[in-house]
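Please read the following account alongside the sequence and the coordinates. It goes through the model step by step.

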Amino acid sequence: MRTKLIFTVSFLAAALSLVAQTNSTAESSRYTYQKEHDPNGIGKFYQGREIAHVMGHEGADWLERPERMEEERPDLLMTALKLHPGDSVADIGAGTGYFTWRMAKVIGNTGKAYAVEIQQEMLDILAKKMVEHETTNFVSVLGTITDTKLPAKSLDLVLMVDVYHEFDHPYEMMDSICRALKPGGRVVWVEYRKEDPNVPIKLLHKMSEAQVRKEAAMLPLQWVETLEPLPRQHIIVFKRK
Ligand SMILES: C[S@@+](CC[C@H](N)C(=O)[O-])C[C@H]1O[C@@H](n2cnc3c(N)ncnc32)[C@H](O)[C@@H]1O
């Protein structure tokens, strides 16, 4: 009996160690690192692109700048998302909640908007903004750089505005997002157009449509449409297979 127990414990330990080794090998083959790199990036590369620095909470005012209404036309983005009352949505990298409260208004009190952040300071600001906008149908979630901490198969739509390019672990984050989507649920990338040199944003904070589609191709996602009503950003929509 004792021998059997020791054998089972040793077998489980060996299996767990193998899983850990496999995960770390997968991660090390997924990402590469360079000492010399763009100062706006972290020196870590994924699919031929350098990952940008995370925007710190000290820059929160920039997310609320009045010019943003003209530069980004959040009203046009809300229409393009084709949300319905009662939908469950998530705003990943929600920042000050600029898009969380807007989505929460469209889905109404029968819907739920998750605001996911890795900076507690941003969630604290977001909570105040939700009071200002009289929004209660939201839930704040403090995620990690690899995990959204969202419930499985619960979401009709995930929105990522100006955040994907700064995910430290883009593959792991997207895997977590895909697990949180309902079958047929949509995930939407909104990124400054890299193809347009007139968009006045640092290069690593822009993405081309081709790069987004290349990175989405390794996920259980199907491209639905790319919409271009916004002055500076792509809206690229996929659905969960
Ligand atoms: C440039 S801000 C954009 C905020 C908001 N989406 C907007 O457009 O107003 C990017 C935000 O994403 C957050 N972020 C970065 N990586 C993240 C991750 N892996 N999970 C959740 N949030 C993340 C940062 O903390 C930062 O607040």
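Arg73 counts as partly exposed, because 17 C-beta neighbours fall inside 10 Å and the cut-off for a buried residue is 20 or more. The model is a predicted one. Arg73 is placed in the loop between α3 (68-72) and α4 (74-81). Its phi is positive, about 45°, although Arg73 is not a glycine.

Gln47 is another residue with a positive phi, here about 55°, and is likewise not a glycine. Gln47 belongs to the loop that links β2 (41-46) and β3 (49-52). Gln47 is partly exposed, because 13 other C-beta atoms lie within 10 Å and a residue counts as exposed only at 12 or fewer.

The two strands around that loop run antiparallel and are joined by three bridges. One residue pair can be named: Tyr46 has Arg49, in β3, as its bridge partner. Both strands belong to an open sheet of three strands, in the order β1-β2-β3 and with antiparallel pairing. At its edges are β1 (32-33) and β3, each of which pairs on one side only.

For the protein as a whole, the secondary structure amounts to eight helices and 11 strands. The protein has 241 residues, of which 34% count as buried. Among contacts with a separation of 6 or more, 66% are between residues 24 or more positions apart.

How many residues of helix α5 are buried? The helix spans residues 100-107, and six of its eight residues are buried, so that α5 counts as mostly covered by the cut-off of 20 or more C-beta atoms within 10 Å. The buried residues are Thr100, Trp101, Arg102, Met103, Ala104 and Ile107. They pack against two helices named here, α4 and α6 (120-132). They also pack against the strands β4 (88-92), β5 (112-117), β6 (138-142) and β7. Just after α5 comes Gly108, with a positive phi of about 70°.

Two of the buried residues of α5, Met103 and Ile107, are also touched by Val89. Leaving out residues up to four places away in sequence, the other residues that Val89 touches are Leu83, Ala113, Leu155, Asp156, Leu157 and Leu159. Val89 is one of the residues that touch the most other members of the largest nonpolar core, which has 47 residues. The others in that group are Ala90, Val158, Leu159, Met160 and Val188. Strand β7 (residues 155-161) gives this core its largest share, six residues.

Next comes the ligand. Which residues are the closest to the ligand? They are Met55, Gly93, Gly95, Tyr98 and Val161, out of 21 residues that surround the ligand. By class, this shell is made up of 14 nonpolar, four polar and three charged residues.

The last point is confidence. The average pLDDT of the protein is 92, and 89% of the residues score at least 70. Over residues 14-22, however, pLDDT stays under 50. For this stretch the model has zero contacts beyond four places in sequence. Where pLDDT is low, predicted coordinates should not be read in detail.

Definitions and conventions:
Residues numbered from 1 in each chain as written. Predicted model: local features only at pLDDT ≥ 70, side-chain atom pairs only at ≥ 80, totals over all residues. Near = placed C-beta within 6 Å. Nonpolar A, V, L, I, M, F, W, Y, C, P; charged D, E, K, R; others polar. pLDDT = per-residue confidence, 0-100. Contact = placed C-beta atoms within 7 Å. Core = buried A, V, L, I, M, F, W, Y, C linked by C-beta atoms within 7 Å. Helix = DSSP H or I, 4+ residues; strand = E, 2+ residues; numbered from the N terminus. Pairing = 2+ DSSP bridges.
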